[in-house]
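Student: I'm new to this structure and would like a close look at one part of it. Could you take me slowly through how the helices pack against one another?

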Amino acid sequence: MAENKPAKYSKPLPHLDEENRPWWEALQRHELYIQKCRDCGDVRYYPRAMCTNCLSPRTEWVKCSGRGKVYTFTATYQNNVPGFRESLPYIMAYVELDEGVKMLTNLVDCQPDQVRIDMPVEVVYEDVTPEVTLAKFRPAR
Amino acid sequence: MSLSGKTAVAGVYEHPTRFAPDKSLFQIMGESVRGALDDAGLTIKDVDGVCTAGIGMTGMGIISFCDYLNLTPNFVDSTSIGGSSFVAHTAHAAAAIHAGLCDVCVVVYGSTASSSRFAVGTGGFGTMGGDPCDQYEGPFGPTTVGAYAMIAQRHMHDYGTTPEQLAEVAVTMRMHASMNPAAKYRDPITVEDVLASRIISSPLHLLDCCIISDGGGALVITSAERARDLKKKPVYILGAGETVRHAARGQRDFLEIAAAQSGRLAFERAGVTHKDIDFAMIYDSFTITVIATLENLGFCKRGEGGAFVSGGRLRYDGDFPINTDGGGLSSNHPGMRGIFLVIEAAKQLRGECGPRQVKDCKIALAHGTGGALGLRHSGATLILGNQ
Ligand SMILES: [Zn+2]
(Lines give C-alpha, C1' and ligand atoms only; values in the text may rest on other atoms or scores of the structure.)
Protein backbone atom coordinates (compact mmCIF):
# COMPACT_ATOMS: atom_id res chain seq x y z
CA MET A 1 0.00 0.00 0.00
CA ALA A 2 1.59 3.27 -1.07
CA GLU A 3 1.47 5.87 1.68
CA ASN A 4 0.27 9.21 0.40
CA LYS A 5 2.37 11.74 2.24
CA PRO A 6 0.23 14.83 2.84
CA ALA A 7 1.93 18.22 2.64
CA LYS A 8 1.49 18.69 6.37
CA TYR A 9 1.85 15.68 8.64
CA SER A 10 -1.40 15.39 10.61
CA LYS A 11 -1.13 12.05 12.47
CA PRO A 12 -0.31 12.00 16.18
CA LEU A 13 3.36 12.53 17.01
CA PRO A 14 5.34 11.21 19.97
CA HIS A 15 6.44 13.43 22.83
CA LEU A 16 10.23 13.38 22.96
CA ASP A 17 11.82 13.56 26.39
CA GLU A 18 15.19 12.92 27.98
CA GLU A 19 14.41 9.24 28.48
CA ASN A 20 13.38 8.40 24.91
CA ARG A 21 15.32 10.97 22.89
CA PRO A 22 18.34 8.75 22.05
CA TRP A 23 16.02 6.24 20.44
CA TRP A 24 14.24 8.83 18.30
CA GLU A 25 17.56 10.46 17.37
CA ALA A 26 18.84 7.09 16.15
CA LEU A 27 15.76 6.74 13.96
CA GLN A 28 16.53 10.15 12.48
CA ARG A 29 19.87 8.61 11.40
CA HIS A 30 17.87 5.63 10.03
CA GLU A 31 19.15 3.27 12.70
CA LEU A 32 16.96 1.04 14.87
CA TYR A 33 18.03 0.03 18.37
CA ILE A 34 16.71 -2.02 21.23
CA GLN A 35 18.03 -2.02 24.77
CA LYS A 36 19.84 -4.79 26.63
CA CYS A 37 20.62 -4.92 30.35
CA ARG A 38 24.36 -4.88 31.05
CA ASP A 39 23.77 -6.77 34.29
CA CYS A 40 21.33 -9.56 33.44
CA GLY A 41 21.21 -9.47 29.64
CA ASP A 42 17.44 -9.06 29.34
CA VAL A 43 16.36 -7.28 26.13
CA ARG A 44 13.52 -4.80 25.98
CA TYR A 45 11.34 -2.73 23.70
CA TYR A 46 10.24 0.04 24.11
CA PRO A 47 13.31 1.83 25.55
CA ARG A 48 13.25 2.89 29.18
CA ALA A 49 15.63 3.94 31.94
CA MET A 50 15.84 0.60 33.72
CA CYS A 51 15.80 -3.14 33.22
CA THR A 52 12.39 -4.62 34.03
CA ASN A 53 14.03 -7.88 35.11
CA CYS A 54 16.53 -6.55 37.68
CA LEU A 55 15.89 -2.76 37.72
CA SER A 56 19.52 -2.13 36.74
CA PRO A 57 20.06 1.27 35.12
CA ARG A 58 23.09 -0.06 33.19
CA THR A 59 21.88 -0.16 29.60
CA GLU A 60 23.50 -1.27 26.36
CA TRP A 61 21.99 -0.13 23.06
CA VAL A 62 21.91 -2.99 20.54
CA LYS A 63 21.71 -2.04 16.87
CA CYS A 64 19.05 -4.09 15.09
CA SER A 65 19.38 -5.77 11.70
CA GLY A 66 16.02 -4.24 10.78
CA ARG A 67 14.71 -7.66 9.86
CA GLY A 68 11.93 -9.66 11.44
CA LYS A 69 8.62 -11.36 10.78
CA VAL A 70 4.95 -10.50 11.16
CA TYR A 71 3.64 -11.72 14.52
CA THR A 72 0.09 -10.49 13.91
CA PHE A 73 -1.62 -7.72 11.97
CA THR A 74 -4.88 -6.00 11.10
CA ALA A 75 -6.04 -3.85 8.23
CA THR A 76 -8.02 -0.95 9.67
CA TYR A 77 -10.96 0.36 7.64
CA GLN A 78 -12.43 2.75 10.23
CA ASN A 79 -10.55 5.28 12.37
CA ASN A 80 -11.97 8.72 13.00
CA VAL A 81 -8.66 10.26 14.09
CA PRO A 82 -7.45 12.97 11.69
CA GLY A 83 -4.50 11.73 9.65
CA PHE A 84 -5.57 8.11 9.89
CA ARG A 85 -9.07 8.90 8.60
CA GLU A 86 -7.45 9.99 5.34
CA SER A 87 -5.14 6.94 5.12
CA LEU A 88 -7.71 4.11 5.28
CA PRO A 89 -7.18 1.27 4.96
CA TYR A 90 -3.80 0.98 6.65
CA ILE A 91 -2.06 -2.06 8.08
CA MET A 92 -0.99 -2.16 11.71
CA ALA A 93 1.15 -5.06 12.87
CA TYR A 94 3.33 -6.44 15.57
CA VAL A 95 6.67 -7.29 14.01
CA GLU A 96 8.91 -9.69 15.89
CA LEU A 97 12.45 -8.46 15.31
CA ASP A 98 15.29 -10.95 14.80
CA GLU A 99 16.63 -9.60 18.11
CA GLY A 100 13.63 -11.12 19.92
CA VAL A 101 11.20 -8.33 20.75
CA LYS A 102 7.82 -7.47 19.24
CA MET A 103 7.10 -3.89 18.20
CA LEU A 104 3.90 -2.23 17.02
CA THR A 105 4.31 -0.66 13.59
CA ASN A 106 2.74 -0.23 10.17
CA LEU A 107 3.32 -2.45 7.16
CA VAL A 108 3.80 -0.50 3.94
CA ASP A 109 4.36 -1.32 0.28
CA CYS A 110 1.87 -4.18 0.37
CA GLN A 111 -1.88 -4.78 0.25
CA PRO A 112 -3.88 -6.19 3.17
CA ASP A 113 -4.51 -9.46 1.33
CA GLN A 114 -0.77 -9.99 0.75
CA VAL A 115 0.11 -10.03 4.44
CA ARG A 116 0.63 -13.34 6.25
CA ILE A 117 1.66 -14.06 9.81
CA ASP A 118 5.35 -15.14 9.87
CA MET A 119 5.99 -13.24 6.63
CA PRO A 120 9.59 -11.89 6.59
CA VAL A 121 9.74 -8.09 6.69
CA GLU A 122 12.40 -5.39 6.72
CA VAL A 123 12.47 -1.92 8.19
CA VAL A 124 11.86 1.26 6.19
CA TYR A 125 12.36 4.68 7.70
CA GLU A 126 9.73 7.34 7.19
CA ASP A 127 10.87 10.88 7.99
CA VAL A 128 7.55 12.42 8.95
CA THR A 129 8.80 15.68 10.52
CA PRO A 130 12.28 17.17 11.01
CA GLU A 131 12.32 15.67 14.54
CA VAL A 132 10.47 12.41 14.06
CA THR A 133 11.26 9.40 11.90
CA LEU A 134 9.07 6.31 12.17
CA ALA A 135 10.26 2.73 11.72
CA LYS A 136 7.79 0.91 9.47
CA PHE A 137 8.19 -2.43 7.71
CA ARG A 138 7.69 -3.79 4.20
CA PRO A 139 7.85 -7.33 2.81
CA ALA A 140 11.53 -8.43 2.81
CA ARG A 141 13.25 -8.16 -0.55
CA MET B 1 -9.87 -16.32 50.44
CA SER B 2 -10.90 -15.80 54.02
CA LEU B 3 -13.46 -13.33 52.67
CA SER B 4 -15.51 -16.10 51.04
CA GLY B 5 -19.17 -15.72 51.92
CA LYS B 6 -18.56 -12.90 54.41
CA THR B 7 -20.05 -10.18 52.21
CA ALA B 8 -22.90 -10.00 49.74
CA VAL B 9 -24.46 -8.07 46.90
CA ALA B 10 -27.65 -6.84 48.59
CA GLY B 11 -29.11 -4.70 45.83
CA VAL B 12 -28.69 -4.20 42.09
CA TYR B 13 -30.12 -1.87 39.47
CA GLU B 14 -29.57 -1.60 35.75
CA HIS B 15 -30.68 1.75 34.35
CA PRO B 16 -33.09 0.95 31.50
CA THR B 17 -31.94 3.79 29.29
CA ARG B 18 -29.86 3.11 26.20
CA PHE B 19 -30.05 6.68 24.87
CA ALA B 20 -30.42 9.62 27.23
CA PRO B 21 -29.63 12.97 25.62
CA ASP B 22 -31.94 14.52 28.24
CA LYS B 23 -29.95 13.22 31.23
CA SER B 24 -26.58 14.09 32.70
CA LEU B 25 -23.99 11.51 33.56
CA PHE B 26 -24.41 12.10 37.29
CA GLN B 27 -28.20 11.93 36.96
CA ILE B 28 -27.92 8.44 35.43
CA MET B 29 -25.54 7.46 38.24
CA GLY B 30 -27.78 8.93 40.94
CA GLU B 31 -30.87 7.20 39.52
CA SER B 32 -28.89 3.95 39.47
CA VAL B 33 -27.89 4.34 43.13
CA ARG B 34 -31.52 5.05 44.03
CA GLY B 35 -32.62 1.93 42.15
CA ALA B 36 -30.06 -0.33 43.82
CA LEU B 37 -30.83 1.03 47.32
CA ASP B 38 -34.58 0.52 46.72
CA ASP B 39 -33.82 -3.04 45.59
CA ALA B 40 -31.88 -3.69 48.82
CA GLY B 41 -34.39 -1.91 51.06
CA LEU B 42 -31.80 0.62 52.20
CA THR B 43 -31.62 4.42 52.00
CA ILE B 44 -28.98 6.95 51.06
CA LYS B 45 -28.37 7.48 54.80
CA ASP B 46 -27.03 3.91 55.03
CA VAL B 47 -24.30 4.47 52.43
CA ASP B 48 -20.81 4.91 53.85
CA GLY B 49 -18.72 3.60 50.96
CA VAL B 50 -18.53 4.67 47.30
CA CYS B 51 -16.75 3.07 44.34
CA THR B 52 -16.89 4.53 40.87
CA ALA B 53 -14.85 5.31 37.77
CA GLY B 54 -15.84 6.33 34.30
CA ILE B 55 -15.06 7.58 30.84
CA GLY B 56 -17.13 10.74 31.26
CA MET B 57 -15.66 11.74 34.61
CA THR B 58 -12.45 13.56 35.38
CA GLY B 59 -9.69 11.81 37.32
CA MET B 60 -11.18 13.04 40.59
CA GLY B 61 -14.78 12.54 39.46
CA ILE B 62 -15.57 10.41 42.51
CA ILE B 63 -15.30 13.53 44.70
CA SER B 64 -17.68 15.39 42.41
CA PHE B 65 -20.10 12.48 42.48
CA CYS B 66 -20.08 12.47 46.29
CA ASP B 67 -20.78 16.20 46.09
CA TYR B 68 -23.70 15.53 43.69
CA LEU B 69 -25.37 13.05 46.09
CA ASN B 70 -24.15 14.87 49.21
CA LEU B 71 -22.29 11.74 50.36
CA THR B 72 -19.49 11.81 52.95
CA PRO B 73 -18.27 8.19 52.80
CA ASN B 74 -15.78 6.45 55.08
CA PHE B 75 -14.37 4.46 52.15
CA VAL B 76 -13.79 5.47 48.52
CA ASP B 77 -12.23 3.60 45.62
CA SER B 78 -11.92 4.94 42.11
CA THR B 79 -9.69 2.26 40.63
CA SER B 80 -9.89 2.94 36.91
CA ILE B 81 -8.85 -0.08 34.86
CA GLY B 82 -11.40 0.19 32.06
CA GLY B 83 -14.49 -1.95 31.64
CA SER B 84 -13.46 -4.37 34.38
CA SER B 85 -13.32 -1.60 37.01
CA PHE B 86 -16.68 -2.38 38.60
CA VAL B 87 -15.96 -6.08 38.93
CA ALA B 88 -12.77 -5.09 40.79
CA HIS B 89 -14.69 -2.46 42.80
CA THR B 90 -17.07 -5.16 44.00
CA ALA B 91 -14.11 -7.11 45.42
CA HIS B 92 -12.57 -3.95 46.87
CA ALA B 93 -15.87 -3.08 48.56
CA ALA B 94 -16.10 -6.61 49.98
CA ALA B 95 -12.55 -6.36 51.36
CA ALA B 96 -13.24 -2.92 52.84
CA ILE B 97 -16.44 -4.11 54.53
CA HIS B 98 -14.68 -7.21 55.85
CA ALA B 99 -11.87 -5.02 57.19
CA GLY B 100 -14.35 -2.73 58.91
CA LEU B 101 -13.65 0.31 56.74
CA CYS B 102 -17.33 0.73 55.84
CA ASP B 103 -20.70 -1.03 56.18
CA VAL B 104 -22.71 -0.31 53.04
CA CYS B 105 -20.81 0.41 49.83
CA VAL B 106 -22.34 1.41 46.51
CA VAL B 107 -20.57 0.59 43.25
CA VAL B 108 -21.90 2.80 40.48
CA TYR B 109 -21.30 3.57 36.80
CA GLY B 110 -22.97 5.84 34.30
CA SER B 111 -22.20 7.14 30.85
CA THR B 112 -23.67 9.06 27.96
CA ALA B 113 -21.24 7.50 25.46
CA SER B 114 -23.91 7.30 22.76
CA SER B 115 -25.64 10.67 23.09
CA SER B 116 -22.25 12.40 23.56
CA ARG B 117 -21.02 10.64 20.39
CA PHE B 118 -17.81 9.19 21.82
CA ALA B 119 -16.01 7.13 19.17
CA VAL B 120 -15.35 4.44 21.75
CA GLY B 121 -13.88 1.80 19.48
CA THR B 122 -12.52 3.69 16.53
CA GLY B 123 -10.98 6.78 18.06
CA GLY B 124 -10.34 6.15 21.72
CA PHE B 125 -6.80 4.85 21.34
CA GLY B 126 -5.93 6.88 18.29
CA THR B 127 -4.96 10.01 20.12
CA MET B 128 -1.64 10.25 21.93
CA GLY B 129 -1.63 9.85 25.65
CA GLY B 130 1.19 11.01 27.84
CA ASP B 131 2.34 7.62 29.13
CA PRO B 132 5.70 6.31 27.88
CA CYS B 133 4.14 3.36 26.00
CA ASP B 134 1.82 5.67 24.06
CA GLN B 135 4.76 7.30 22.27
CA TYR B 136 5.60 4.01 20.57
CA GLU B 137 2.05 3.09 19.58
CA GLY B 138 0.07 6.25 18.82
CA PRO B 139 1.94 7.07 15.59
CA PHE B 140 0.81 3.79 14.01
CA GLY B 141 -2.96 4.25 14.34
CA PRO B 142 -4.12 1.85 17.02
CA THR B 143 -7.84 1.72 17.72
CA THR B 144 -9.63 -0.41 20.27
CA VAL B 145 -11.08 -2.54 17.47
CA GLY B 146 -7.68 -2.84 15.79
CA ALA B 147 -6.03 -3.98 19.01
CA TYR B 148 -8.57 -6.79 19.49
CA ALA B 149 -8.43 -7.62 15.78
CA MET B 150 -4.72 -8.44 16.08
CA ILE B 151 -5.55 -10.97 18.82
CA ALA B 152 -8.24 -12.50 16.61
CA GLN B 153 -5.85 -12.70 13.65
CA ARG B 154 -3.21 -14.52 15.68
CA HIS B 155 -5.80 -16.85 17.22
CA MET B 156 -7.08 -17.79 13.78
CA HIS B 157 -3.52 -18.38 12.56
CA ASP B 158 -2.45 -20.54 15.49
CA TYR B 159 -5.62 -22.57 16.01
CA GLY B 160 -7.69 -22.40 12.84
CA THR B 161 -10.45 -20.46 14.61
CA THR B 162 -12.94 -19.41 11.93
CA PRO B 163 -14.93 -16.22 11.29
CA GLU B 164 -18.05 -18.39 11.64
CA GLN B 165 -17.02 -19.41 15.17
CA LEU B 166 -16.46 -15.75 16.12
CA ALA B 167 -19.86 -14.89 14.60
CA GLU B 168 -21.57 -17.57 16.66
CA VAL B 169 -20.84 -15.53 19.80
CA ALA B 170 -22.59 -12.47 18.36
CA VAL B 171 -25.56 -14.54 17.19
CA THR B 172 -26.06 -16.05 20.66
CA MET B 173 -25.81 -12.67 22.38
CA ARG B 174 -28.47 -11.28 20.01
CA MET B 175 -30.70 -14.27 20.71
CA HIS B 176 -30.44 -13.44 24.42
CA ALA B 177 -31.08 -9.75 23.74
CA SER B 178 -34.34 -10.69 22.04
CA MET B 179 -35.52 -11.88 25.48
CA ASN B 180 -34.42 -8.67 27.25
CA PRO B 181 -36.92 -5.84 26.80
CA ALA B 182 -34.26 -3.24 27.68
CA ALA B 183 -31.69 -4.47 25.12
CA LYS B 184 -30.72 -1.95 22.46
CA TYR B 185 -30.73 -4.41 19.52
CA ARG B 186 -33.30 -7.22 19.67
CA ASP B 187 -33.83 -8.44 16.09
CA PRO B 188 -32.25 -11.88 15.60
CA ILE B 189 -29.14 -12.14 13.43
CA THR B 190 -27.46 -15.09 11.71
CA VAL B 191 -23.83 -16.09 11.19
CA GLU B 192 -24.26 -14.95 7.57
CA ASP B 193 -25.42 -11.52 8.77
CA VAL B 194 -22.25 -11.12 10.86
CA LEU B 195 -19.98 -12.21 7.99
CA ALA B 196 -21.81 -9.91 5.57
CA SER B 197 -21.39 -6.86 7.81
CA ARG B 198 -18.53 -4.54 6.85
CA ILE B 199 -15.00 -5.11 8.11
CA ILE B 200 -13.99 -2.52 10.72
CA SER B 201 -10.50 -3.89 11.32
CA SER B 202 -9.70 -7.26 9.80
CA PRO B 203 -10.78 -9.91 10.68
CA LEU B 204 -13.46 -8.20 12.82
CA HIS B 205 -16.75 -7.21 11.21
CA LEU B 206 -19.14 -4.58 12.50
CA LEU B 207 -21.27 -7.26 14.16
CA ASP B 208 -18.18 -8.73 15.90
CA CYS B 209 -17.97 -5.44 17.82
CA CYS B 210 -19.89 -4.24 20.85
CA ILE B 211 -22.51 -1.57 20.41
CA ILE B 212 -22.31 1.95 21.83
CA SER B 213 -25.09 3.02 24.20
CA ASP B 214 -25.81 5.30 27.09
CA GLY B 215 -26.53 3.64 30.38
CA GLY B 216 -25.54 2.91 33.92
CA GLY B 217 -26.08 0.75 36.93
CA ALA B 218 -25.31 0.28 40.58
CA LEU B 219 -24.69 -2.37 43.22
CA VAL B 220 -25.08 -2.29 46.97
CA ILE B 221 -22.50 -4.35 48.86
CA THR B 222 -22.71 -5.09 52.58
CA SER B 223 -21.83 -7.80 55.10
CA ALA B 224 -23.49 -11.19 54.64
CA GLU B 225 -24.93 -10.80 58.12
CA ARG B 226 -26.61 -7.49 57.35
CA ALA B 227 -27.70 -8.65 53.88
CA ARG B 228 -29.70 -11.50 55.39
CA ASP B 229 -32.10 -9.02 57.03
CA LEU B 230 -32.69 -6.97 53.87
CA LYS B 231 -35.37 -7.03 51.19
CA LYS B 232 -33.78 -9.42 48.68
CA LYS B 233 -32.02 -12.77 48.96
CA PRO B 234 -28.27 -12.09 49.42
CA VAL B 235 -25.86 -12.96 46.63
CA TYR B 236 -22.64 -13.92 48.39
CA ILE B 237 -19.20 -12.86 47.22
CA LEU B 238 -17.13 -16.06 47.19
CA GLY B 239 -13.86 -15.10 45.53
CA ALA B 240 -12.20 -12.55 43.31
CA GLY B 241 -9.01 -11.83 41.39
CA GLU B 242 -7.62 -9.00 39.29
CA THR B 243 -4.51 -8.18 37.28
CA VAL B 244 -3.15 -6.52 34.13
CA ARG B 245 -1.36 -7.70 30.97
CA HIS B 246 0.68 -5.51 28.62
CA ALA B 247 3.45 -5.67 26.07
CA ALA B 248 5.85 -7.16 28.66
CA ARG B 249 8.88 -5.22 27.32
CA GLY B 250 8.19 -6.61 23.84
CA GLN B 251 8.19 -10.25 24.93
CA ARG B 252 4.50 -10.93 25.51
CA ASP B 253 2.62 -14.08 24.56
CA PHE B 254 -0.42 -12.23 23.23
CA LEU B 255 -2.89 -15.08 23.56
CA GLU B 256 -2.31 -15.26 27.30
CA ILE B 257 -4.60 -12.61 28.74
CA ALA B 258 -5.28 -11.23 32.22
CA ALA B 259 -8.12 -13.71 32.76
CA ALA B 260 -5.60 -16.53 33.21
CA GLN B 261 -4.29 -14.95 36.42
CA SER B 262 -7.43 -13.23 37.74
CA GLY B 263 -9.48 -16.36 37.11
CA ARG B 264 -7.03 -18.66 38.88
CA LEU B 265 -7.01 -16.35 41.91
CA ALA B 266 -10.81 -16.14 41.99
CA PHE B 267 -11.25 -19.93 41.84
CA GLU B 268 -8.60 -20.53 44.52
CA ARG B 269 -10.07 -17.91 46.83
CA ALA B 270 -13.67 -19.06 46.30
CA GLY B 271 -12.71 -22.70 46.82
CA VAL B 272 -14.80 -23.83 43.86
CA THR B 273 -13.93 -25.50 40.55
CA HIS B 274 -14.93 -24.89 36.96
CA LYS B 275 -17.56 -27.65 37.19
CA ASP B 276 -19.33 -25.68 39.94
CA ILE B 277 -20.04 -22.67 37.69
CA ASP B 278 -23.66 -22.69 36.49
CA PHE B 279 -23.60 -19.38 34.67
CA ALA B 280 -21.06 -16.78 33.55
CA MET B 281 -21.00 -13.17 32.49
CA ILE B 282 -18.01 -12.76 30.16
CA TYR B 283 -17.05 -9.28 28.94
CA ASP B 284 -17.96 -9.30 25.26
CA SER B 285 -16.43 -6.14 23.87
CA PHE B 286 -15.73 -8.22 20.76
CA THR B 287 -16.48 -11.80 19.77
CA ILE B 288 -12.77 -12.70 20.16
CA THR B 289 -12.85 -11.36 23.74
CA VAL B 290 -15.26 -14.14 24.72
CA ILE B 291 -13.24 -16.91 23.04
CA ALA B 292 -9.92 -15.73 24.53
CA THR B 293 -11.47 -15.22 27.97
CA LEU B 294 -13.11 -18.66 28.14
CA GLU B 295 -9.77 -20.26 27.24
CA ASN B 296 -7.78 -18.21 29.73
CA LEU B 297 -10.26 -18.77 32.53
CA GLY B 298 -9.73 -22.48 31.89
CA PHE B 299 -13.22 -23.47 30.74
CA CYS B 300 -11.56 -25.00 27.69
CA LYS B 301 -7.98 -25.48 26.52
CA ARG B 302 -6.15 -22.78 24.61
CA GLY B 303 -7.11 -23.04 20.96
CA GLU B 304 -10.38 -24.81 21.69
CA GLY B 305 -12.42 -21.65 22.27
CA GLY B 306 -13.79 -21.56 18.73
CA ALA B 307 -15.28 -25.03 19.04
CA PHE B 308 -16.38 -24.34 22.63
CA VAL B 309 -18.63 -21.39 21.69
CA SER B 310 -20.25 -23.27 18.80
CA GLY B 311 -23.38 -25.39 18.65
CA GLY B 312 -25.47 -23.26 20.99
CA ARG B 313 -23.41 -24.09 24.10
CA LEU B 314 -23.48 -20.44 25.28
CA ARG B 315 -27.28 -20.15 25.10
CA TYR B 316 -29.31 -19.65 28.28
CA ASP B 317 -30.49 -23.26 27.86
CA GLY B 318 -27.10 -24.62 26.70
CA ASP B 319 -24.26 -26.40 28.58
CA PHE B 320 -22.47 -23.18 29.46
CA PRO B 321 -24.84 -20.21 29.47
CA ILE B 322 -23.27 -16.75 29.34
CA ASN B 323 -24.45 -13.15 28.96
CA THR B 324 -28.18 -13.76 29.14
CA ASP B 325 -28.83 -10.01 29.05
CA GLY B 326 -27.57 -9.82 25.47
CA GLY B 327 -24.13 -8.58 26.45
CA GLY B 328 -22.18 -5.64 25.11
CA LEU B 329 -22.66 -7.03 21.61
CA SER B 330 -26.43 -6.41 21.69
CA SER B 331 -27.84 -5.05 24.97
CA ASN B 332 -25.69 -2.19 26.17
CA HIS B 333 -22.11 -0.99 26.20
CA PRO B 334 -21.89 2.54 27.55
CA GLY B 335 -18.12 2.77 27.23
CA MET B 336 -17.47 0.39 30.12
CA ARG B 337 -19.66 -2.54 30.98
CA GLY B 338 -18.33 -4.32 34.06
CA ILE B 339 -21.17 -3.32 36.35
CA PHE B 340 -23.77 -5.11 34.22
CA LEU B 341 -21.81 -8.34 34.54
CA VAL B 342 -22.35 -8.31 38.30
CA ILE B 343 -25.96 -7.10 38.01
CA GLU B 344 -27.08 -9.87 35.62
CA ALA B 345 -25.13 -12.52 37.58
CA ALA B 346 -26.90 -11.43 40.77
CA LYS B 347 -30.31 -11.46 39.05
CA GLN B 348 -29.67 -14.98 37.72
CA LEU B 349 -28.68 -16.16 41.21
CA ARG B 350 -31.89 -14.62 42.59
CA GLY B 351 -33.94 -16.33 39.88
CA GLU B 352 -35.27 -13.03 38.52
CA CYS B 353 -34.47 -13.42 34.83
CA GLY B 354 -37.88 -14.55 33.57
CA PRO B 355 -37.78 -16.18 30.12
CA ARG B 356 -33.97 -16.07 30.02
CA GLN B 357 -33.52 -17.60 33.50
CA VAL B 358 -30.81 -20.27 33.69
CA LYS B 359 -32.06 -23.43 35.45
CA ASP B 360 -30.66 -24.25 38.90
CA CYS B 361 -28.31 -21.28 38.95
CA LYS B 362 -26.37 -21.46 42.24
CA ILE B 363 -22.84 -20.27 41.44
CA ALA B 364 -21.98 -17.64 38.83
CA LEU B 365 -18.75 -16.13 37.53
CA ALA B 366 -18.34 -12.59 36.20
CA HIS B 367 -15.22 -11.62 34.28
CA GLY B 368 -14.51 -8.06 33.20
CA THR B 369 -11.91 -6.93 30.66
CA GLY B 370 -10.72 -3.34 30.50
CA GLY B 371 -8.45 -1.66 27.97
CA ALA B 372 -7.49 -3.49 24.80
CA LEU B 373 -6.29 -7.10 24.59
CA GLY B 374 -3.81 -6.33 21.83
CA LEU B 375 -2.14 -3.40 23.62
CA ARG B 376 -2.62 -3.63 27.39
CA HIS B 377 -5.58 -4.52 29.50
CA SER B 378 -6.95 -5.45 32.89
CA GLY B 379 -8.96 -8.45 33.97
CA ALA B 380 -11.13 -8.86 37.05
CA THR B 381 -12.94 -12.07 37.98
CA LEU B 382 -15.65 -12.46 40.60
CA ILE B 383 -17.37 -15.64 41.78
CA LEU B 384 -20.80 -15.28 43.38
CA GLY B 385 -23.17 -17.79 44.98
CA ASN B 386 -26.70 -17.76 46.39
CA GLN B 387 -26.05 -20.08 49.35
ZN1 LIG C 1 18.63 -6.62 34.16
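Tutor: What follows is a walk through the helix contacts, with a short stop at one loop afterwards. This is a predicted model, in which local features need pLDDT of at least 70 and side-chain atom pairs count only at pLDDT 80 or more, while totals for chains, interfaces and linings use all residues. Residues are numbered from 1 along each chain as its sequence is written, chains are lettered from A and ligands numbered from 1 in the order in which they are written, and side-chain values use heavy atoms, leaving out hydrogens and water.

Let's start with helix 9 of chain B, residues 287–297. Helices here are DSSP runs of H or I with at least four residues, and strands are E runs of at least two, numbered from the N terminus. One partner is helix 4 of chain B, residues 144–159, whose axis comes within 10 Å of the axis of helix 9 and crosses at roughly 60 degrees. That makes helix 4 of chain B oblique to helix 9 of chain B (under 35 degrees is roughly parallel, over 145 roughly antiparallel, 65 to 115 roughly perpendicular, and the rest oblique). An axis is a line fitted to C-alpha atoms, for helices over the stretch in contact, with angles from 0 to 180 degrees between N-to-C directions.

Helix 4 of chain B passes helix 9 of chain B in a left-handed crossing (the near helix is turned anticlockwise from the far one by less than a right angle; clockwise would be right-handed). On the helix 4 side you can find Tyr148(B), Ile151(B), Ala152(B) and His155(B), which meet Ile288(B), Thr289(B), Ile291(B) and Glu295(B) of helix 9. Contact means heavy atoms within 4.5 Å. By class, these residues divide into 5 nonpolar, 2 polar and 1 charged (Ala, Val, Leu, Ile, Met, Phe, Trp, Tyr, Cys and Pro are nonpolar, Asp, Glu, Lys and Arg charged, and the others, Gly among them, polar).

Helix 9 of chain B also packs with helix 8 of chain B, residues 259–270: their axes come within 8 Å and cross at roughly 45 degrees. These two helices are therefore oblique to each other as well, but their crossing is right-handed. Helix 8 contributes Ala259(B), Ala260(B), Gly263(B) and Phe267(B), and helix 9 contributes Thr293(B), Asn296(B) and Leu297(B). Sorted by class, that contact has 4 nonpolar, 3 polar and no charged residues.

Now look at another pair in chain B. Helix 3 (residues 85–98) packs against helix 12 (residues 338–349) at about 60 degrees, with the axes 5 Å apart. That angle makes helix 3 of chain B oblique to helix 12 of chain B. Phe86(B), Val87(B) and Thr90(B) of helix 3 touch Gly338(B), Ile339(B), Leu341(B) and Val342(B) of helix 12. Their classes are 5 nonpolar, 2 polar and no charged.

Finally, a short stop in chain A, at the loop between strand 2 and strand 3. Leu55(A) is found there, with a positive phi of about 65 degrees although it is not a glycine. Tyr46(A) also has its place in this loop, and a cis peptide bond with omega of about 5 degrees joins Tyr45(A) to Tyr46(A). Most residues other than glycine have a negative phi, and most peptide bonds are trans.
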